[in-house]
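Thanks, everyone. Let me put the structure up, and then we'll walk through it piece by piece.

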Amino acid sequence: MNIRHLHYFQQLAQLQHFAKAANACHVTQPTLSAGICSLEKSLGTELVVRGSQFVALTDAGQIMLQYAERMLQEQAALKQELSLFRGQLTGSLRIGIVPQSSIDIMPLIKLFNQAYPNISIKLSVMTNGQLIESLSLHKTDIGLGFDEQLTEVNRRSFVFYPQRANQMALLSCDSVDGSASKCLSLYDIGTRPLVLLSQNMQFRKYIDNAMAQAGIDFNLVLETDSLFHLIGAVKHGLGCAIVSRGIAESVAQLFGIPYQLLDGVSSGQTVFMTRKHSITPAMKAFMRQLES
């Protein structure tokens, strides 16, 4: 079994397009197709349903993809381990985060980059459910999300690093009800226009549940799955935004947007998550940084 052919197969499964997968692998489309055919021949089974273009993975292909992800991850871990003999850790680290958490991850990434400048970092924003799935499929190395939507298999397979409670805050271009040190309740928000993250986000579900329990209706003027546009809407006076305390502190520092803490909204525990197995040296180094 050729490891390069596994990479071709993995890219095809992700991109679901022969030309795009070939481009991602920096080979011609015939070379990619021949490599996948060679992989199928060595395994004695078809992995891809083909028409005039990619159609789907076969059942065997779905199983093979899980093993291919793990084998490619082990290869990456081996390369990182061997790079230590050359005196400098090299490779990559894939981090997935939810849009709202109690932690501003950028200071942590900066510290890591200063210690390991030859490790490239890929940071992806996703929903909590997508994060858990991505960790399980070895597509993400470290996750920052909520301790929810986890199966018993997940809990046995992951290592958890709980962070501080995920308190919420209200971002507004104007001061809200006096002192910035005063905690607000949901009732203090009243009929203020709100800009919120989309309903598919776990953080938004906490807000919806709290509003429903309090019997308060939204005055929703905008919802978005982009934290950047959420902050932009507040900056332009479109409305107030309910965000995590960690995000509020960073936004206040970077953009000068004031915030006040918000009581009465129960949210999940923010945690860093990693797999128990297939751990790369870069993953170990990042988690050591968390524990220090």
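Start with the aromatics. Phe 112, Tyr 116, Phe 272 and Phe 286 are linked by ring pairs into a cluster. Keep in mind that this is a predicted model. In total, the structure has five aromatic pairs. One of them joins Phe 112 to Tyr 116, with 5.1 Å between the centres and 40° between the planes. That geometry is classed as tilted.

How accessible is Phe 112, and does the residue count as buried or exposed? Its relative accessible area is 0%, so Phe 112 is buried. Tyr 116 has 22% relative accessibility and therefore counts as partly exposed.

Now a second pair. Phe 158 and Phe 160 have ring centres 6.2 Å apart. Their planes meet at 65°, so this pair is edge-to-face. The cut-off for that class is over 60 degrees. Burial next. Phe 158 is buried, because its relative accessibility is 3%. Phe 160 comes out at 25%, so that residue is partly exposed.

On to the sheet. Five strands make it up, and the sheet is open. Read across, the order is β4-β3-β5-β12-β6. Pairing is mixed. Which strands sit at the edges? They are β4, residues 119-125, and β6, residues 158-162; each of these pairs on one side only. From one strand to the next, the twist averages 20°.

Look at one end of that order. Strand β3 covers residues 91-97 and runs parallel to β4, with seven bridges between them. For a register point, take Leu 93: opposite this residue, in β4, stands Ile 121. Helix α5, residues 106-115, packs on the sheet. The helix touches β3, β4 and β12, the last being residues 270-275. Its direction makes about 165° with that of β4.

A second helix to note is α6, residues 128-136. What does α6 lie across? The list is β3, β5, β6 and β12, where β5 is residues 142-146. Against β5, helix α6 runs at about 150°.

Next, further along the chain, strand β8. This strand spans residues 194-197 and pairs with β9, residues 220-224. The pairing is parallel, over four bridges. Between β8 and β9 we also get a β-α-β unit, with helix α9, residues 202-214, as its helix. The unit is right-handed.

β8 has another partner, β10, residues 240-244. That pairing is parallel too, over two bridges. Leu 194 gives the register for both partners. Opposite Leu 194 in β9 is Leu 220. Opposite Leu 194 in β10 is Cys 240.

Last stop, a charged side chain. Glu 40 is in helix α3, residues 29-43. Why does Glu 40 count as buried? Because its relative accessibility is 8%, and the cut-off for buried is under 20%. What does the Glu 40 side chain reach? A polar contact of 3.0 Å joins the side chain to that of Arg 50. Leaving out neighbours within four places in sequence, Glu 40 is in contact with Thr 45, Glu 46, Leu 47, Val 48 and Arg 50.

To recap two points. The aromatic cluster holds Phe 112, Tyr 116, Phe 272 and Phe 286. The five-stranded open sheet has mixed pairing. Questions, please.

Notes
Residues are numbered from 1 along each chain as its sequence is written. This is a predicted model: local features need pLDDT of at least 70, side-chain atom pairs count only at pLDDT 80 or more; totals for chains, interfaces and linings use all residues. Side-chain values use heavy atoms; hydrogens and water are left out. Two strands pair if DSSP finds at least two bridges between them. Axes are lines fitted to C-alpha atoms, for helices over the stretch in contact, and angles run from 0 to 180 degrees between N-to-C directions. Contact means heavy atoms within 4.5 Å. A crossover is right-handed if, with the strands pointing away from the viewer, the path from the first strand over the helix to the second runs clockwise. Buried means under 20% relative accessible area, exposed over 50%, partly exposed in between (1.4 Å probe, protein chains only). A polar contact is a pair of N or O atoms within 3.5 Å; within protein, one must be able to donate a hydrogen and the other to accept it, and residues adjacent in sequence count only if both atoms are side-chain atoms. Rings of Phe, Tyr and Trp (its six-membered ring) pair if their centres lie within 6.5 Å; planes under 30 degrees apart count as stacked, over 60 as edge-to-face and the rest as tilted.
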